[in-house]
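Student: I am new to this structure and would like a close look at a single part of it, the packing of one pair of helices. Could you take me through that part with care and then set it in its surroundings?

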Amino acid sequence: MDKRLLILKAFQLTLPRAAAGWLFALLTSNFNRIAIYDLGITAVVITSLLGLYHFLSPFQVIYGRIADRIPIFGLHRTPYVMIGMTVSAIAVATLPYIVVPMSQTPNEFLGVTFPYITYIAAFIVLVIFGVGFAGAGANHLALVAEVIPERSRGLVTALIWTMLIVGMIVSLQFIRHYMPVYDEQTMRELYLLSIPVVAITTLLGLIGVDKPRTAESTAASDSKLDAEAHASLKDFAVDVASNSTVRNFFAFIFLFMFGYSLQDNILEVFGAEVLQMTVGETGRFQQIWGTGAIIGMFLMGSLVFRGGISKINAITFGITGIGFSMFALAIGAYLPSETLVNYSLVSMGFFNGFALVGTLTSMMEFTTDKARGAYIGLWGLAIAFANGLASMAGGQLVTSLIESGMFSPSDGFAIIFFVEGLISLYSLHFLWRVNVESFHKRISKDGLSNAMASDLG
């Protein structure tokens with residue numbers, strides 16, 4: 001492929017993730033805070049709704065198979081990415097029309113009065129969001145694999161990851177200025193912008209990238225899928241159940257992601273309740289974290305290209321830093337101190353860059369040739385369910401400790417952040433029990449490239 005064409009396609013393929021960054025910015029830094037703090041809806045309800053899409057991640061395999069078999073206008077990827085992202089954007093755009101009635105009693109939605117009708121509507125909308133997002137994600141990753149040469153795939157995927165974070169940071173900056181304080185009408189206008197922003201950005205990232213397949217290549221792909229479908233999972237399940245090394249690695253991934261993700265949907269609520277920040281001010285939290293994460297990932301990448309670092313050392317260094325950053329965040333909540341909170345967040349993002357790259361590299365290498373797809377699916381399952389359960393658990397802790405009146409907001413959030421730090425550090429116990437020689441080897445350039453191309457995080 002011509003170098004200039006490769007650069008153009010690489011940039012194009014980052015744009016759908018920038019669109020995803022807009023959706024994440026609205027959901028995890030704006031919607032959660034407004035629903036819980038400004039509208040007074042029980043935290044566990046909102047965080048459970050926001051965690052739903054994680055449980056739909058395993059269905060990416062199904063969506064990929066559908067796209068493989070059923071082209072739209074002769075294309076197997078572009079239409080599915082476009083449809084998925086647009087459906088997700090429409091779902092997000094409807095949330096202000098649902099969340100305000102959720103805070104009112106009795107609930108009334110579209111002229112119908114029923115005790116929980118708005119809760120049911122919110123559940124359906126966020127399931128639709130998850131379905132669209134999973135479908136778009138599966139086919140976007142497949143499109144990268146089909147369009148970008150293997151030697152460049154890891155670098156391009158790293159750029160896509162970076163664009164997701166950059167997209168969030170830029171989106172949050174716009175959101176903060178568009179709605180510095182909560183206003184119902186402004187919120188509706190802001191969320192309706194999701195449809196043109198996501199649709200146009202995604203479309204620009206897809207035009208001319210996907211190419212129609214020939215009938216022969218489609219038939220060959222179907223034949224391969226049929227062979228994979230008949231592969232027995234029984235032996236794999238037995239191996240996993242009887243292999244302590246696999247069980248320990250699964251437990252490590254789950255606890256690491258669970259501990260780290262507990263704060264995802266409650267951090268802005270903390271800023272509102274403890275630090276008395278406006279909705280615009282709490283929007284800075286994700287920007288601060290994202291900046292630290294980008295610095296950490298690029299520093300990790302530079303270490304790899306200068307000679308490497310062992311996987312276990314990279315992960316241990318990263319998670320230890322995350323744990324102590326969360327302890328510092330707990331102190332910032334207890335005092336409370338906005339300055340300490342900001343330093344804790346940039347530190348947490350920085351160390352997560354190290355831990356995440358090391359973990360992804362280990363996932364890619366900790367497989368077998370005959371069951372590579374099954375193992376990658378297993379690690380992906382650990383991440384998806386850890387994130388989903390963490391979202392629910394974070395809200396439940398806020399409801400149980402703070403909304404119940406058991407603790408003041410500052411004390412309650414200090415306890416939550418301290419527990420997160422303990423869980424993150426405890427995950428290292430299972431990591432150190434994984435007896436795999438490759439864990440002590442340095443991360444190679446190829447290993448880093450393969451890890452970033454996995455897109456599991």
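Tutor: In this predicted model, helix α5, which covers residues 78-102, packs against helix α9, residues 194-204, at an angle of about 165°, and their axes lie 8 Å apart. Since an angle over 145 degrees counts as roughly antiparallel, α5 is therefore roughly antiparallel to α9. The crossing in which α5 passes α9 is right-handed. On the α5 side the meeting residues are Val 81, Met 82, Met 85, Thr 86, Ala 89, Ile 90, Val 92 and Ala 93, and on the α9 side they are Ser 194, Ile 195, Val 198, Ala 199, Thr 202 and Leu 203. Sorted by character, the residues of this contact between α5 and α9 comprise eleven nonpolar and three polar ones, with no charged residue.

One residue of that contact, Met 85 of α5, leads on to the interior, for it is listed with Phe 31, Phe 129, Phe 252, Ile 253, Phe 270 and Phe 413 as having the most contacts inside the largest nonpolar core, a set of 126 residues. Helix α1, residues 3-38, gives the most to this core, with 15 residues. As general background, nonpolar side chains in soluble globular proteins tend to be buried together.

Two of the other residues in that list can be followed further. Phe 252, when neighbours within four places in sequence are left aside, is in contact with Ile 315, Ile 319, Thr 359, Ser 427, Phe 430 and Leu 431. Ile 253 has its C-alpha atom 9.7 Å from that of Leu 360, although 107 residues separate the two along the chain. Leu 360 belongs to helix α17, residues 338-365, and it counts as buried because its relative accessibility is 1%.

Met 326, in helix α16, residues 311-334, counts as buried too, because its relative accessibility is 0%. Again leaving aside neighbours within four places in sequence, its contacts are Gly 259, Tyr 260, Met 348, Phe 417, Glu 420, Gly 421 and Ser 424. Met 326 and Ser 344 are 18 residues apart in sequence, and their C-alpha atoms are 6.9 Å apart in space.

Finally, to place these details in the whole, the protein has 20 helices and two strands, and buried residues make up 57% of its 457 residues. Among the contacts with a separation of 6 or more, 83% are between residues 24 or more positions apart.

Technical notes
Residues numbered from 1 in each chain as written. Predicted model: local features only at pLDDT ≥ 70, side-chain atom pairs only at ≥ 80, totals over all residues. Heavy atoms only, no water. Axes fitted to C-alpha atoms, helices over the stretch in contact; angles between N-to-C directions. Helix = DSSP H or I, 4+ residues; strand = E, 2+ residues; numbered from the N terminus. Parallel < 35°, antiparallel > 145°, perpendicular 65-115°, else oblique. Left-handed = near helix turned anticlockwise from the far one by under 90°. Contact = heavy atoms within 4.5 Å. Nonpolar A, V, L, I, M, F, W, Y, C, P; charged D, E, K, R; others polar. Core = buried A, V, L, I, M, F, W, Y, C linked by side-chain atoms within 4.5 Å. Buried < 20%, exposed > 50% of the residue type's maximum accessible area, 1.4 Å probe, protein only.
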